[in-house]
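Here are my notes on this model, jotted down as I went through it. Have it open while you read, and take the points in order.

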Amino acid sequence: ASCPAGPIYDAADMLQDPHFNARGLFEDIETPTGLKFKIPAMVPKLSETPGKTEWCGPQVGAHNMQVLGEYLGYSSDEIQRLRQEGAVGSEDVGR
């Protein structure tokens with residue numbers, strides 16, 4: 001009996017695999033702070049509209065004030081105390 005089989009990869013294995021790389025299944029991206037890394041590329045690969053990641057998402061802390069104030073109901077004094085204690089960043093990054 002025939003049974004399809006192949007390796008079971010984790011993310012690190014996929015990044016190392018020559019076939020995955022030759023097929024262009026990863027793309028390099030750079031954050032606004034200059035950090036460079038590989039992410040999964042768009043699939044499927046369409047010849048006329050191949051797709052590309054334009055933005056890697058918000059920076060860590062970009063929505064601190066919105067989350068803490070609007071969604072969790074912290075007052076500005078409470079947020080300031082959290083900042084002084086080092087529990088959250090000192091400013092909203094990216095705003």
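1. Let me start with Arg83, which you'll find in helix H4, residues 76-84. This is a predicted model, so keep that in mind throughout. Is Arg83 buried, exposed or partly exposed? Its relative accessible area is 24%, so partly exposed is the right label, given that buried means under 20%. For a sense of the spacing, try Arg83 against Gly34: 49 residues separate them in sequence, and their C-alpha atoms are 25 Å apart in space.

2. Now step back to the whole chain. It has four helices and two strands, and going along the sequence they come in the order α-α-β-β-α-α. The radius of gyration is 21 Å, well over the 12 Å that the globule rule gives for 95 residues, so the chain is more spread out than a compact globule. The C-alpha trace says how that looks along the principal axes: about 70 × 35 × 25 Å.

3. How much of the chain counts as buried? The figure is 17% of the 95 residues. The accessible surface comes to about 7,600 Å², and carbon and sulfur atoms account for 56% of that. As for contacts between residues at least 6 apart in sequence, 34% of them join residues at least 24 apart.

4. Two more C-alpha pairs are worth clicking on. Glu70 sits in helix H3 and, at 60% relative accessibility, passes the 50% cut-off and so counts as exposed. From Glu70 to Asn21 is 43 Å between C-alpha atoms, with the two positions 49 residues apart along the chain. The other pair starts at Pro7, in the segment before helix H1 (11-16). Pro7 is exposed too, because its relative accessibility is 62% and the cut-off is 50%. Its partner is Gln59, 52 residues away along the chain, and the C-alpha atoms of Pro7 and Gln59 are separated by 35 Å.

5. On to charges. Side chains of opposite charge can pair when their charged atoms come close. How many salt bridges does a search of the whole structure find? It finds two. One of them joins Lys38 to Asp28, with the closest N and O atoms 3.2 Å apart. This pair links distant parts of the chain, with Lys38 in strand S2 and Asp28 in strand S1 (residues 26-30), ten residues apart. The partners are not equally covered: Lys38 is partly exposed at 41% relative accessibility, while Asp28 is exposed at 55%.

6. The other bridge is between Arg81 and Glu85, whose closest N and O atoms are 3.3 Å apart. Arg81 has 39% relative accessibility and is put down as partly exposed. Glu85, with a relative accessible area of 53%, is exposed.

7. Have a look at the aromatics as well. A pair of aromatic rings is described by the distance of the centres and the angle of the planes. The count here is two aromatic pairs. Which residues do the ring pairs link into a cluster? They are Tyr9, Phe20 and Phe26.

8. There is a nonpolar patch on the surface that I'd point out. Val67, Tyr71, Leu72 and Tyr74 make it up, and together they have about 410 Å² of accessible area. Tyr71 belongs to helix H3, residues 64-71. Why does Tyr71 count as exposed? Its relative accessible area is 57%, and exposed means over 50%. Glu70, from point 4, is in helix H3 as well.

9. Last, a backbone detail. The peptide bond from Val43 to Pro44 is cis, with omega near 0°. Where is Pro44? You'll find Pro44 in the loop between strand S2 (36-40) and H3. Lys38, from the salt bridge with Asp28, is in strand S2.

Terms used:
Residues numbered from 1 in each chain as written. Predicted model: local features only at pLDDT ≥ 70, side-chain atom pairs only at ≥ 80, totals over all residues. Heavy atoms only, no water. Buried < 20%, exposed > 50% of the residue type's maximum accessible area, 1.4 Å probe, protein only. Patch = residues over 30% accessible without salt bridge, like charges linked within 9 Å, V, L, I, M, F, W, Y side chains within 5 Å. Areas by Shrake-Rupley, 256 points an atom, 1.4 Å probe, with all protein chains shown as cover. Salt bridge = Lys/Arg side-chain N within 4 Å of Asp/Glu carboxyl O. Rg over C-alpha atoms; globule rule 2.2 N^0.38 Å. Contact = heavy atoms within 4.5 Å. Phe/Tyr/Trp six-rings, centres within 6.5 Å; stacked < 30°, edge-to-face > 60°.
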